[in-house]
Amino acid sequence: MIRTITLLSLFFLKGTSLVIADTYPQVLFENSILGGNYAYSRVDYSADSWVENVGGKLPVSDSVFFTPGNALSLRYNSAINGAWRAQIHYAPGSRGYQPRAGYVLTFKIFVVSNTSITSLPRMALTQKGQASNVMDLSKYIRDFQPNMWLNVQVPLNDIAGVDPGMPIDGIQFLQGEADNKTHWLYIDQIEFLPANPPRVKLSSPAVLSTAVAYDRHVDLTWQLPLTPSIRYIKIYRSEDNEHFHPVAIRPIFVQKCTDFVPYSDRTYYYKIAWVDYGYLESPFSNVLEASPKTASDEAMVDFIQAAHLNYFIERTEINSGMHAIHFGVDDATVSVKETGLSILAYLVGVERGLLPRTAAIGRLQRIVDFLGKVDRYHGAFPEKIDGRTGEGIFTVDTVPEGNLTSTAFLMQGLLAAQQYFEADSGEADVLTAKIDTLWNSVEWDRFTIEGQEHILLDRWSPTVGFRDASPLGGFGDDFICYVLALASPQHALPGNAYTAGLGFRRELADSSHVMELANNTSFAVKVEATNVSAVPAYVEYPYAKDTTLYSLPVTVGAIDTSLMEAYKPFLAFDPRAKRDTFADYFANHRNLTQAYKRRDTEKGYGGFSRDIWGAELSVDSLDTLCTINPAIPCASYAYLPQEAVQSMRAFYDKFGQALFTEYGFRRGIGIDNNAVADTYDAANQAAVVVMIENGRSGLIWDLFSRNPGIQKVVENYFNIE
């Protein structure tokens with residue numbers, strides 16, 4: 001019986017590269033950052049066979065690699081009566097790789113041990129946990145010999161058992177010839193490529209444009225020609241301008257590289273090369289030098305904001321101007337909610353001189369022109385849209401629906417932008433008028449049912465009505481939905497919706513009730529096995545609850561959920577000097593943030609440092625998993641600026657090499673298991689940009705507060721202190 005080690009592992013990339021598994025699905029494994037860390041993997045073995053692993057994860061090496069800065073280490077023993085298997089898979093939530101005709105699976109191996117070609121592992125691909133036929137690698141390696149990098153190319157057509165209509169989610173290496181010997185090899189650059197890629201020789205030197213030094217990192221940019229055979233940009237660094245070493249590699253759709261250097265107050269030299277599909281390099285670029293200097297706190301906050309803004313700038317879908325969900329692939333799916341977040345970040349970028357005002361206006365004009373052509377449902381947009389066609393993308397193609405929460409975050413961003421650019425003439429005049437049209441068309445009052453007009457529902461479909469809808473209310477994202485629904489100039493909810501609607505989180509009281517479309521224009525609940533229709537009955541959980549957390553009074557929010565849930569409702573809505581029937585929001589959030597930090601310190605979630613905090617807890621089987629989200633302490637700048645700066649400095653200094661990239665801080669870091677997530681989160685990146693700015697200047701809070709509808713909500717439901 002094979003013993004299975006179950007794990008939830010995080011994944012490092014080369015240098016400080018962007019997301020590979022999520023955004024560039026042709027690449028299954030490129031690299032990780034530091035030796036002693038691990039890929040997304042799962043190791044199984046039985047009897048006397050074994051695979052070297054740490055906590056069930058394959059380790060990586062930072063001393064042996066094909067492309068910088070590391071490779072997977074696979075050390076194994078194949079016993080005669082045993083079996084072993086190591087699976088490398090895409091990051092959780094990734095779409096995987098959709099098989100294409102004429103493509104090949106390719107990867108590099110470096111055999112360290114005295115291993116014959118017949119003792120190499122076997123290989124299989126997996127789709128939804130089902131493995132393909134097992135392949136013998138020896139048939140796909142030419143000129144086999146140890147101690148050199150070898151190319152393995154397996155045509156997908158040769159792998160029986162692969163469903164061409166289903167994404168590939170991983171690759172398995174399995175026990176091959178049983179010889180009771182220990183073998184060791186490294187694996188790098190697992191990817192799917194066309195069998196006949198462009199082969200134009202890279203004869204011209206690469207062009208390195210800038211090398212800008214900061215505290216402990218250098219931002220590099222380049223001028224990429226339209227040469228189809230260029231696949232990567234390879235970055236070299238030197239400390240003496242003579243001996244250069246590769247430090248990072250980037251795919252061609254990335255516009256810059258952040259290189260985290262060993263020390264500040266030194267001079268470093270950089271050059272780059274283009275890399276083709278066969279990993280042949282172009283002539284080197286010119287050499288640029290950069291001298292990082294220890295930055296002041298103010299300068300550090302500046303470059304942290306700028307890096308997180310860059311996440312949104314580079315993820316713009318070219319046709320629509322909206323925020324692209326998938327990056328660097330032929331997929332134009334855009335997110336309505338994340339577009340709203342990106343707009344708030346753009347405004348900060350313009351204000352800080354990081355994004356030209358004309359460029360921001362042009363991008364917003366493209367967004368609103370695109371949105372004006374999209375099918376809406378009572379004025380609400382789909383959650384996802386095809387950026388090329390403007391058609392909604394739905395879980396079920398035959399059930400189109402408008403998503404009210406996504407629409408609310410979009411409108412929040414557009415209304416703030418309208419205020420920011422209202423003084424501009426020309427194009428901005430047209431822009432603000434188009435935003436008015438979109439804003440006025442959202443029929444918030446149509447997302448309620450007869451008899452419960454104070455309760456918003458989160459979606460509506462012209463084919464199934466409110467069948468799949470859930471009630472909105474309680475603390476979190478739903479707050480901004482109710483604020484906007486009450487602020488609407490033409491489709492506002494009744495006045496009691498703020499306290500009676502927002503004031504409770506709700507669940508259906510009877511699971512036998514199902515949401516269905518009734519024979520009238522309003523929603524109803526149909527009781528199964530009867531023809532009786534009735535409005536739904538809910539179990540209600542109060543929005544506010546007076547409690548004391550770590551000696552601090554807190555009325556709304558909790559420390560057993562991510563603090564991001566408390567931050568998101570107030571990205572644009574100003575909590576300062578605002579008290580309603582539930583809470584004094586600014587004071588509440590200061591206390592909630594301090595309590596969260598005290599909990600993390602007491603529990604030791606951030607290790608030995610009081611400045612490393614922001615734990616997000618999840619349960620896997622019987623274990624509680626802890627991931628530290630750096631966006632939480634960074635975004636706390638709006639409430640606790642001094643503590644936030646100390647935390648930013650700690651994350652940057654202690655974990656910057658693995659955690660800080662050209663897109664800001666990654667999604668999370670596991671202190672206990674020495675791992676870093678390879679992904680980014682739009683809400684995290686936006687919270688860092690926006691909440692830091694709100695703490696510095698109040699920009700977004702002030703803009704949103706100037707909207708007449710928001711002013712009406714504040715006057716009606718808040719006591720201004």
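# Exercises on a predicted protein model

Buried residues make up 59% of the 721 residues in this protein. The model is a predicted one, so keep that in mind as you work through the exercises below.

## Exercise 1: The overall picture

Task: Find how many helices and strands the protein has, and what share of its accessible surface belongs to carbon and sulfur atoms.

Solution. Start with the count of elements: there are 14 helices and 42 strands. Next, turn to the outside. The accessible surface comes to about 28,200 Å², and carbon and sulfur atoms hold 48% of that area. Finally, look at how the chain meets itself. Take the contacts between residues at least 6 apart in sequence: 72% of them join residues at least 24 apart.

## Exercise 2: A sheet with two edges

Task: Work out the strand order in the open sheet that contains β15, β16 and β19, and say which strands stand at its edges.

Solution. First, trace the order, which is β15-β16-β19, with antiparallel pairing. Then look for strands with a single partner. These are β15 (208–213) and β19 (256–260), so each has one side without a neighbour in the sheet. On average, neighbouring strands here are turned by 20° against each other, direction ignored.

Now zoom in on one pairing. Strand β16, residues 217–222, joins β19 through five bridges in the antiparallel sense. For a concrete example, find T221 and look across to K256 in β19, which stands opposite. As background, strands of a sheet pair through backbone hydrogen bonds, either parallel or antiparallel.

## Exercise 3: A strand with two partners

Task: Find how many bridges join β17 to β20 and how many join β17 to β18.

Solution. Begin with β20, residues 268–276: eight bridges join this strand to β17, and the two run antiparallel. Within this pairing, I235 has I272 in β20 as its bridge partner.

Next comes β18, which is joined to β17 by six bridges, again antiparallel. Here I233 stands opposite R250 in β18. The strands β17 and β18 form a hairpin with six residues between them, and N241 in the turn has a positive phi of about 65°.

Last, check the surroundings of β17 (residues 230–238). Nine of its nine residues are buried, so the strand is largely enclosed by the rest of the structure.

One more residue belongs in this tour. V254 sits in the loop between β18 (245–251) and β19. Its relative accessibility is 1%, so V254 counts as buried. The C-alpha atoms of V254 and I233 are separated by 9.0 Å, while the two residues are 21 apart along the chain.

## Exercise 4: A serine in a loop

Task: Decide whether S488 is buried or exposed, and list the residues that S488 touches.

Solution. Locate the residue first: S488 lies in the loop between α6 (478–487) and α7 (497–501). Its relative accessible area is 2%, and buried means under 20%, so S488 is buried.

Then collect the contacts. Leaving aside residues up to four places away in sequence, S488 touches W439, V442, W444 and K712. A polar atom of the S488 side chain also lies 2.9 Å from the backbone nitrogen of H491.

Finally, step back into α6. In this helix 10 of the 10 residues are buried, so it is largely enclosed by the rest of the structure. Among them are D478, F479 and C481.

## Exercise 5: Pairs of rings

Task: Say what kind of aromatic pair Y311 and Y680 form, and where the two residues lie.

Solution. The structure holds 43 aromatic pairs. In the pair of Y311 and Y680, the ring centres are 6.1 Å apart and the planes stand at 40°, so the pair is tilted. Y311 lies in helix α1 (residues 297–314) and Y680 in the loop between β41 (675–676) and α12 (682–696), so the pair ties together parts 369 residues apart in sequence. Both residues count as buried, because Y311 has 4% relative accessibility and Y680 has 8%.

For contrast, take Y498 and Y717, a stacked pair with 5.0 Å centre to centre and 20° between the planes. Y498 is in helix α7 and Y717 in helix α14 (residues 708–717), so this pair links parts that are 219 residues apart in sequence. Y498 is buried, at 1% relative accessible area. Y498 and Y717 also belong to one aromatic cluster, whose members include F475, F479 and Y543.

Key: Residues are numbered from 1 along each chain as its sequence is written. This is a predicted model: local features need pLDDT of at least 70, side-chain atom pairs count only at pLDDT 80 or more; totals for chains, interfaces and linings use all residues. Side-chain values use heavy atoms; hydrogens and water are left out. Two strands pair if DSSP finds at least two bridges between them. Helices (H or I, at least four residues) and strands (E, at least two) are DSSP runs, numbered from the N terminus. Axes are lines fitted to C-alpha atoms, for helices over the stretch in contact, and angles run from 0 to 180 degrees between N-to-C directions. Buried means under 20% relative accessible area, exposed over 50%, partly exposed in between (1.4 Å probe, protein chains only). A polar contact is a pair of N or O atoms within 3.5 Å; within protein, one must be able to donate a hydrogen and the other to accept it, and residues adjacent in sequence count only if both atoms are side-chain atoms. Contact means heavy atoms within 4.5 Å. Accessible areas come from the Shrake-Rupley method with a 1.4 Å probe; for residues, only the protein chains shown count as cover. Rings of Phe, Tyr and Trp (its six-membered ring) pair if their centres lie within 6.5 Å; planes under 30 degrees apart count as stacked, over 60 as edge-to-face and the rest as tilted.
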